[in-house]
Amino acid sequence: RLSRECAAILQNMSQHVEAAAMYEAGEYFEKAAAIYIEQHNFTAAAAIMHKVNLPKLHLQYAKACESAEKFLQAAAAYESAGDMDSVVRLYLHQLEKPEKALEIVRRTHSSGGAQLVARFCQQEGDFRGAIEFLLMAQRSEEAFELSKAHGHMELYTSVLGDRMSPDDALNVAKHFESIHESALAGKFYAVCGQYAKALKLYMHCGESQLN
């Protein structure tokens, strides 16, 4: 208690270094960390952040580290704050470790993180990756248009799997019909319940298409 009172007096006198040290000595780690972060004393903050339980302080520390271009420390602090989308963003861009970002999003299934990864994949020309993560982000329409534009419709249907809605199946069926893939078109017309249309297309298939 005495340490806390002394630290508060020092803080009111703008003796921030001494106040933080006094808070730390009294094991008031949140108060010490708040001062260290405000003063951009990253070395001192880093030494005690593992003793801090408040997510908002970890978030403040993360933002301060990022502003100072201490990206690895920022990523660890964002993770402690529970802000995994910011961790993904840093791994994609500043830290240039996209494989770590993809691993995190596949584990967390975060919609925001998936959108970040999908955008990154598109910029890199990795359309298969973009389709996977657009679907994870519940951006089915965008994933469908990308699949159609780059010839990855079978990947699109494979990733959707049992989550494919009748509307999704109808769009896929129409696409395959437009490029004269009758067997595949028939398959997806059947999925969306248009059995007569599916049967008609199957009857026009060559044996190679049915195989």
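Start by selecting helix α3, residues 29-38, together with helix α5, residues 55-67, whose axes come within 10 Å of each other and cross at roughly 20°. The model on your screen is a predicted one. Angles under 35 degrees count as roughly parallel, and α3 and α5 are therefore roughly parallel to each other. If you turn the view to look through one helix at the other, the crossing of α3 and α5 is left-handed. To see what lies between them, show the side chains of Glu30, Ala34 and Ile37 on α3, which meet Leu57, Gln60, Tyr61 and Ala64 on α5. Sorted by class, this contact of α3 with α5 is made up of five nonpolar residues, one polar residue and one charged residue.

Keep α5 in view and move along to Glu66, which forms a salt bridge with Arg89, where the closest N and O atoms are 2.7 Å apart. This pair links distant parts of the chain, since Glu66 belongs to helix α5 while Arg89 sits in helix α7, residues 84-92, and the two are 23 residues apart. Which of the two partners is buried, and which is partly exposed? Glu66 is buried, with a relative accessible area of 17%, whereas Arg89 is partly exposed, with a relative accessible area of 25%.

Arg89 also leads to the next stop. Select α7 and add helix α9, residues 111-123, which packs against α7 at an angle of about 15°, with the two axes 8 Å apart. That angle makes α7 roughly parallel to α9, and α7 passes α9 in a right-handed crossing. On the α7 side, display Asp85, Val88, Arg89 and Leu92, which meet Gly112, Gly113, Leu116, Val117 and Phe120 in α9. By class, the contact of α7 with α9 has five nonpolar, two polar and two charged residues. Arg89 therefore appears twice on this tour, as a salt-bridge partner of Glu66 and as one of the α7 residues that meet α9.

The structure holds five salt bridges, and two others can be visited next. Select Glu142 and Arg139, which form a salt bridge whose closest N and O atoms are 2.4 Å apart. Glu142 is partly exposed, with a relative accessible area of 35%, and Arg139 is likewise partly exposed, with a value of 31%. Then select Lys148 and Glu145, whose side chains meet in a salt bridge with an N to O distance of 3.7 Å. Lys148 and Glu145 are three residues apart in helix α11, residues 140-150, and so are separated by about one helical turn. Lys148 counts as partly exposed at 38% relative accessibility, and Glu145 is partly exposed with a relative accessible area of 40%.

From here, go to Met164, which you will find in the loop between α12, residues 153-160, and α13, residues 166-178. Is this loop residue buried or exposed? Met164 is buried, with a relative accessible area of 14%. Leaving aside residues up to four places away in sequence, Met164 touches Thr157, Ala169, Phe188 and Val191, so show these side chains with it. For a distance to display, choose the C-alpha atoms of Met164 and Met136, which are separated by 12 Å and lie 28 residues apart along the chain.

Now return to the start of the chain and select Arg4, which lies in helix α1, residues 2-12. Arg4 counts as partly exposed, at 40% relative accessibility. With residues up to four places away in sequence not counted, Arg4 touches Tyr23, Tyr28 and Lys31. The C-alpha atoms of Arg4 and Ala19 are separated by 8.8 Å, although these residues are 15 apart along the chain.

Finish with two histidines and their backbone angles. His40 is placed in the loop between α3 and α4, residues 42-48, and its phi is near 55°, a positive value in a residue other than glycine. At 45% relative accessibility, His40 counts as partly exposed. Then select His180, in the loop between α13 and α14, residues 182-191, where phi is again positive, at about 65°, although His180 is not a glycine. His180 is exposed, with a relative accessible area of 64%.

Technical notes. Residues numbered from 1 in each chain as written. Predicted model: local features only at pLDDT ≥ 70, side-chain atom pairs only at ≥ 80, totals over all residues. Heavy atoms only, no water. Axes fitted to C-alpha atoms, helices over the stretch in contact; angles between N-to-C directions. Helix = DSSP H or I, 4+ residues; strand = E, 2+ residues; numbered from the N terminus. Parallel < 35°, antiparallel > 145°, perpendicular 65-115°, else oblique. Left-handed = near helix turned anticlockwise from the far one by under 90°. Contact = heavy atoms within 4.5 Å. Nonpolar A, V, L, I, M, F, W, Y, C, P; charged D, E, K, R; others polar. Salt bridge = Lys/Arg side-chain N within 4 Å of Asp/Glu carboxyl O. Buried < 20%, exposed > 50% of the residue type's maximum accessible area, 1.4 Å probe, protein only.
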